[in-house]
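Trainee: Could you take me through a close look at a single part of this model, the place where the two chains meet?

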2 protein chains.
Amino acid sequence: MIPDNIKKLIESFKLLPGIGEKTAERLAFSILDLEKEQISIFSESLIDVYNNTRHCEICNCITDKDNCKICSNNLRDESVLCVVEDSKSVFLFEKIAVYNGRYHVLDGLISPLDGIDPDDIGLSKLVERIEKYKFSEVILAFKPSIEGETTALYIKKILEGLDIKVTKIASGIPMGADIEYMDPLTIERALFDRKDMKG
Amino acid sequence: MIPDNIKKLIESFKLLPGIGEKTAERLAFSILDLEKEQISIFSESLIDVYNNTRHCEICNCITDKDNCKICSNNLRDESVLCVVEDSKSVFLFEKIAVYNGRYHVLDGLISPLDGIDPDDIGLSKLVERIEKYKFSEVILAFKPSIEGETTALYIKKILEGLDIKVTKIASGIPMGADIEYMDPLTIERALFDRKDMKG
C-alpha cells in the first residue's frame, strides 16, 4: 500500500546501523516535509561522500583531500604519534582538543576470531612511518577490549628494537565500550594516565 | 577536522526527526561502508520521492500514481468511508488489514492554537465526496487528543443534515499517543468499539 518509491527509500534507510522498520518508515516519510534544496543537497552529499572520501596518504585517516588537515598542519607536535583504530577516534580526539601531536589510523584491530590478522590492519605502514620519522613517543589509543589489548601488545612487540617510548591510554574507559561514545573527561583522563608498556 | 563532504552529509541527516548530532555522525560515517549501488539507489530514491509523490485525486492519500491503489481497487467496500488525519494512518490500517472500506485523508487536524482552522485541512473536499457518493457510514479515526476531538465534533456537525451514520473509533488508544505507534490489537479494538456520534 505504501507507494513504491517511498518503499524503496525505506529500504535504503534500513541499510543504516540502528535503523529498523519503524524508524526507516518515519525517516522516509519525513523527506516529504523537506525543501527541494535540502533534498538535492542530501542526495548529492551521499554520492559525494562515496566518491570523494579517501584515506590520507600519510596517516590513513579518511579525508576529502590527498593529505588530511592534521598531516598538512606544520604547527602540530611532530614528536608524538597517537595510533588509533579508526578515523572516528581522530575526529573525537580533535573535537575535545586535548592532544596536539600526530595520528596514525589503523584499519581496525587484530581479531583472530573474526579472521583479522596483524597483516590486515595496515601495521607495516605504521612501522614504516615510525622508522622514517623520529617520534619520541607512540601512544596506543585503542578501546580496552581483547582486540585492543592484543593489538597494543603486538605493536609493542614489533617496536621493541627501536629507541622509542611506547605508551597506551589509561584505563578509566569501561571494558567493551566504544571510544566514540565516551565523555571528554574520561578520554582526557585516559590520555593523562597513559602508562609505559616497556616499564 | 571531519572532512567537509561528510560534515555536509551529517547536516542533512540532522534535518530528519529524532536525529541528533551523534546519530547523524554515526549514520553519515556508515555510508562509507555501503556498496556503490546502494548509495546510488539511496540518492536517487530521495529525489524520486520528492519529485514523484503526489496526493490521490480522490482520497488525498500520498501516492506515486494519479489515483492510489485503494481508490483504484473496485473490490473494496464502497459503503464505508474512514477519515484519517494523515496518509501514514492509511498505511498502518492497511498493514494490519482490519478494514476493507474507503479512506479519506485530511491535511491534519483542526488546531486553533497552531492557527489551523477547518478551512486548512481540506474538509470541503471531504464533504463534496460524501455528498457525491452514497456512503452509509463515515468512521472518524483521529488520535484521541484535543485536536482529534475538535475535528471529529466539527465534522459531525457539518454532516448533520445528511442521512449518514457518523461514528468514531473507540477509546482504548491512550490520550496524546500517535496512531502510528499503536499495536495492531489496540487499533482493531478501537475500530470494533466505534460509537455512534448521533446516538
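Mentor: Happy to; here is the side of chain B that touches chain A, followed by the relation between the copies. This is a predicted model, in which local features need pLDDT of at least 70, side-chain atom pairs count only at pLDDT 80 or more, and totals for chains, interfaces and linings use all residues. Residues are numbered from 1 along each chain as its sequence is written, while chains are lettered from A and ligands numbered from 1 in the order in which they are written.

In all, 40 residues of chain B are in contact with 40 residues of chain A (contact: C-beta atoms, placed from the backbone, within 7 Å). On chain B, the elements giving two or more residues to this side are α1 (4-14), α2 (21-30), α3 (36-52), β2 and α4; helices (H or I, at least four residues) and strands (E, at least two) are DSSP runs, numbered from the N terminus. The most comes from α3(B), with 13 residues. By type, this side of chain B has 22 nonpolar, nine polar and nine charged residues (Ala, Val, Leu, Ile, Met, Phe, Trp, Tyr, Cys and Pro count as nonpolar, Asp, Glu, Lys and Arg as charged, and the others, Gly among them, as polar).

Now for the symmetry. Chain B superposes on chain A by a rotation of 180° with 0.0 Å of shift along its axis, at an RMSD of 0.0 Å (least squares on the C-alpha atoms of residues with pLDDT of at least 70 in both). That is the relation of a two-fold axis. In chain B, the C-alpha of B:S43 is the nearest to this axis, 2.2 Å from it. Both copies use the same surface, since 100% of the contact residues of chain B recur in chain A.

Methods
Contact = placed C-beta atoms within 7 Å.
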